[in-house]
Amino acid sequence: MKNLTLRNITKACHGEYRGPENLLDKEVAGVTIDSRKVEKDYLFIAIDGERVNAHKFIPDTIEKGALCVISHEDLGETDFPYILVESTGQALLDTAKLYRDSFDIKVVGITGSVGKTSTKEMIASVLSEKYNVLKTEGNFNNEIGLPLTVFNIREEHEVAVLEMGISHFGDMKPLAKIARPDVCVITNIGYAHLENLGTRDGILKEKSSMTDYMNPKGSVIFNGDDDKLKSYTSRDGRTPVYFGLTSSCPFHVENIERKGLKGTYAEFVTPTSRFHAHISIPGDHMIYNALAGVAVGYALGMNNEEIARGIEKLVPIAGRNNLIEAKHYTIIDDCYNANPASMKSSLDVLAYADTRKVAILGDMGELGADELAMHREVGAYAAFKNTDVLVCIGALSKDMAEAAKETVLATEKNMKVFHFDTKEDFYQNMGQILKENDTILVKASHFMEFPEIVKKLSEEA
């Protein structure tokens with residue numbers, strides 16, 4: 001791998017090399033923290049997990065042909081080279097920075113409370129019409145995932161689209177120092193991670209610190225319909241470029257035609273042009289994602305035809321508004337994660353269905369002191385969106401169900417509401433709740449493991 005010699009890695013990690021001198025200028029063939037993925041001449045970084053000491057797998061990695069190991073344990077005399085460091089987690093970050101600095105590549109950094117992954121997919125789809133693009137796979141967006149994504153950069157790549165997720169103060173700095181973005185995109189400032197960041201202003205402060213390490217000549221692209229972002233004042237005087245549904249944003253849309261679950265047609269307006277495109281995934285949040293893609297494409301010199309093709313080629317990924325036509329139901333699989341804003345967006349999508357509308361919703365995590373009120377807010381919203389059936393699963397979602405029932409009584413809506421403590425309890429009653437041809441939204445925070453529900457619905461005989 002370019003520039004990743006054992007000598008350079010040792011220096012970057014402020015480590016102590018212990019091994020044969022004749023190997024110092026040899027480059028590693030790959031970098032991994034997973035002993036199962038080690039191949040010949042790989043570098044294995046032994047990062048301990050909550051339950052597992054990764055250092056116990058070091059002999060296995062050497063047997064598989066690893067060139068070197070990075071360890072925070074003094075291994076004593078060994079018959080293989082290793083680099084002793086204070087922290088293997090920091091060594092992973094330092095090695096990734098060394099590698100990223102070896103490439104003259106454009107980097108798009110994406111963060112936000114809601115929609116990072118779907119926005120990343122849209123931007124990558126757009127940019128792929130002109131450039132060879134590397135993108136974050138899944139949500140490899142934290143202090144472990146982002147470095148591992150960076151190690152996938154190769155000489156042929158022209159742009160890297162990197163998702164950058166944070167949950168605590170100080171999380172963004174190490175990510176931004178590695179990425180050094182040329183384009184910084186923030187999708188919105190919502191309520192995710194309030195448990196750790198306190199307020200939306202705290203979230204804004206942490207997420208916007210991404211710009212502290214960006215290319216001074218780069219572009220800052222923000223959602224102009226977000227109240228926190230539209231009033232943002234950068235520390236270096238940089239003026240953001242805004243996208244949004246309102247015409248005051250330089251990048252906006254007009255003549256929107258919503259086609260239910262078949263997506264949206266819209267006319268996209270840039271500072272210098274107009275063009276039409278079809279977004280195959282339904283929901284206004286996808287219009288925002290497309291607008292972010294337009295603004296990034298514009299910043300990187302793409303023309304309207306290229307950008308429109310990229311928007312129209314986007315395909316959904318599992319757990320992210322993925323429409324599944326199962327034998328008995330139409331399933332909206334949006335169950336990767338959840339917070340109040342994304343729950344409401346998904347209920348908006350469900351409302352487009354022309355069949356009976358069922359929402360199976362579960363607990364949302366990391367919402368802080370107001371978590372019960374936020375679950376209640378989602379329950380009430382489901383009723384206002386004319387959902388036919390609301391199924392709430394989990395301890396926190398009991399409040400969601402209660403608020404939904406109260407709203408039904410107050411507004412005389414015709415929504416049936418159910419609450420179950422566990423998924424298993426729901427399965428026992430599923431046959432009496434669901435009907436043939438229902439359109440079913442499935443959504444909850446990741447820890448609820450709702451893909452299991454999607455699988456069960458998809459496999460219904």
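This section describes a five-stranded sheet, the nonpolar cores and the setting of one buried residue in a predicted model.

The sheet is open, its five strands are arranged in the order 1-5-4-3-2, and their pairing is mixed. Strand 1 (16-18) and strand 2 (30-32) each have a single partner strand and stand at the edges, so one side of each is left without a neighbour in the sheet. On average, neighbouring strands of this sheet are turned by 20° against each other, direction ignored. Strand 1 and strand 5 (residues 82-84) run antiparallel and are joined by three bridges; within strand 5, Tyr82 stands opposite Arg18. Helix 3 (residues 88-100) packs on the sheet through contacts with strand 3 (42-45) and strand 4 (68-71), and its direction makes about 125° with that of strand 4.

The largest nonpolar core comprises 81 residues, of which Leu4, Ile9, Val28, Ile70, Phe151, Leu361 and Leu390 touch the most other members. Helix 3 supplies the largest share of this core, six residues. When residues up to four places away in sequence are not counted, the contacts of Ile70 include Ile9, Leu43, Phe44, Ile45, Ile83, Val85 and Ala91. A second core, separate from the largest, contains 38 residues, among them Phe275, Ala277, Ile279 and Met286.

Asn322 is placed in strand 15 (residues 322-325). The relative accessibility of Asn322 is 17%, and this residue therefore counts as buried, the cut-off being under 20%. Not counting residues up to four places away in sequence, Asn322 touches Pro316, Ile317, Ile331, Ile332 and Asp333.

Definitions and conventions: Residues numbered from 1 in each chain as written. Predicted model: local features only at pLDDT ≥ 70, side-chain atom pairs only at ≥ 80, totals over all residues. Heavy atoms only, no water. Helix = DSSP H or I, 4+ residues; strand = E, 2+ residues; numbered from the N terminus. Buried < 20%, exposed > 50% of the residue type's maximum accessible area, 1.4 Å probe, protein only. Contact = heavy atoms within 4.5 Å. Pairing = 2+ DSSP bridges. Axes fitted to C-alpha atoms, helices over the stretch in contact; angles between N-to-C directions. Core = buried A, V, L, I, M, F, W, Y, C linked by side-chain atoms within 4.5 Å.
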